[in-house]
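Thanks for coming, everyone. I'll put the sequence and structure up, and then we'll walk through them together.

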Amino acid sequence: MTEYILKMDQITKSFPGVLALNKVSIDVKKGEVVALLGENGAGKSTLIKVMTGIYQPDNGEIELFGEKTKFHNPADALKKGLSVIHQELTYLNDLSAAENIFIGRLPHNKFGWVDWKDMAEKSNEVFRRMNIFIDPGALMSSLNTAEKQLVEIAKAISCDAKILVMDEPTAALGTEDTEKLLKLVREMVSGKELSVVYISHRLNELFTVADRVVVLRDGQYITTKNISETNEQELISFMVGRDIKHFYSKTSSHAGDVVLEAGYALDSHTKGKAVVLLGIDAHKAVDIGINHPAAKYLKPPGTTT
Ligand SMILES: Nc1ncnc2c1ncn2[C@@H]1O[C@H](COP(=O)(O)OP(=O)(O)OP(=O)(O)O)[C@@H](O)[C@H]1O
Ligand SMILES: [Mg+2]
């Protein structure tokens, strides 16, 4: 029997003039990484905000550990085991790593004073579990982006999170730190004590980190796929709503004709996260255009990044 920790069923959420989520369902099994995929405005953040008590759904049901529940606010969701790391990290620069981990629940000694030693020891314990080294006394302002991210993860783990929600965790990381983070996420779920809901625009990451992927489009639930049973092209089709093969015309060409010239550029709309296809030869091929919904997900032939 599959052990679902969380089931969100037919969740609807609207804002004035916008139906952000229309009967969206998602479930999370014990010890898995579920990726949430969709274009800008698809409803990913709204869904995780409902999942972590920031928004109340207009309709739909949430089941946690087999029991119907409501998350009244983020503190309530955290108490019930759901922790979220937002894309905009919420640390306090002038406090230490340990203080950031235990903020709002600093340990006190019998005289009622903050027990710094206990806090440092507990921080080290979490860092050891994560297989990393960060000085608990280091000021957050002295840590680099990847280390700050790790402190946020440590905070979630120390709260005994059962589900960790990560919204674009690698957006500000370089290749090496991204690889380390993906490895850490896999290690964290391997003990089956933690599940992760992972949002990323970088499709290739999902094939490293996710077990399943849930695709949303325009606030609608599209599909859920086992990552081992899908590929990037198929996922793009689900995201944009068309088969990407249809973006190319069937005009014939002769050997030697340049039909496609491709290059990279960073798209300001996607905050530099995606690659854009440029410079398609206008004589022989269709110009799908830089603003075409599919363009930013395509990779020039022969590239691996
Ligand atoms: N607080 C809000 N008030 C009004 N509309 C909102 C609010 N939050 C989200 N929306 C709208 O709901 C829709 C879904 O937005 P959401 O932020 O969930 O998308 P997303 O998939 O997270 O997109 P992105 O990839 O850009 O982060 C969008 O049309 C958005 O403009
Ligand atoms: Mg979002």
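Let's start at the ligand. Which element gives the most residues to the shell around ligand 1? That is α1, with three. Keep in mind that this is a predicted model.

Here is the full shell. Ligand 1 is surrounded by Phe15, Val18, Ala20, Gly38, Asn40, Gly41, Ala42, Gly43, Lys44, Ser45 and Thr46. Two elements give two or more residues each: β2, residues 18-29, and α1, residues 44-51. By class, six of the shell residues are polar, four are nonpolar and one is charged.

Stay with α1 for a moment. Is this helix largely enclosed or not? Seven of its eight residues are buried, so the rest of the structure largely encloses α1. The buried ones are Lys44, Thr46, Leu47, Ile48, Lys49, Val50 and Met51. Lys44 and Thr46 are therefore on both lists: they sit in the ligand shell and they count as buried in α1. Just past the helix, look at Gly53. Its phi is positive, at about 80°.

Now a helix pair. Find α4, residues 116-130, and α5, residues 145-158. How do they cross? Their axes come within 10 Å, at an angle of roughly 105°. Angles of 65 to 115 degrees count as roughly perpendicular, so that is what we call α4 and α5.

Who touches whom? From α4 we have Lys122, Ser123, Val126, Phe127, Arg129 and Met130. From α5, they meet Leu150, Ile153, Ala154, Ile157 and Ser158. By class, this contact has seven nonpolar residues, two polar and two charged.

Look at the spacing of those numbers. An α-helix has 3.6 residues a turn, so residues three or four places apart point the same way.

Step back to the whole chain. There are eight helices and 10 strands. Of the 305 residues, 34% are buried. Take the contacts with a separation of 6 or more: 62% of them join residues 24 or more positions apart.

Last, confidence. The chain averages a pLDDT of 83, and 79% of the residues score at least 70. Where is it weak? Over residues 247-253 the pLDDT is below 50, and this stretch has eight contacts in the model beyond near neighbours in sequence. Residues 299-305 are also below 50, with five such contacts. Where pLDDT is low, the predicted coordinates should not be read in detail.

That's my tour. Questions, please.

Notes:
Residues are numbered from 1 along each chain as its sequence is written. Chains are lettered from A and ligands numbered from 1 in the order in which they are written. This is a predicted model: local features need pLDDT of at least 70, side-chain atom pairs count only at pLDDT 80 or more; totals for chains, interfaces and linings use all residues. pLDDT is the predictor's confidence in each residue, from 0 to 100. Two residues are in contact if their C-beta atoms, placed from the backbone, lie within 7 Å. A residue is near a molecule or strand if its C-beta atom, placed from the backbone, lies within 6 Å of it. Helices (H or I, at least four residues) and strands (E, at least two) are DSSP runs, numbered from the N terminus. Ala, Val, Leu, Ile, Met, Phe, Trp, Tyr, Cys and Pro count as nonpolar, Asp, Glu, Lys and Arg as charged, and the others, Gly among them, as polar. Axes are lines fitted to C-alpha atoms, for helices over the stretch in contact, and angles run from 0 to 180 degrees between N-to-C directions. Angles under 35 degrees count as roughly parallel, over 145 as roughly antiparallel, 65 to 115 as roughly perpendicular and the rest as oblique. A residue is buried if 20 or more other C-beta atoms lie within 10 Å of its own, exposed if 12 or fewer, and partly exposed in between; C-beta atoms are placed from the backbone.
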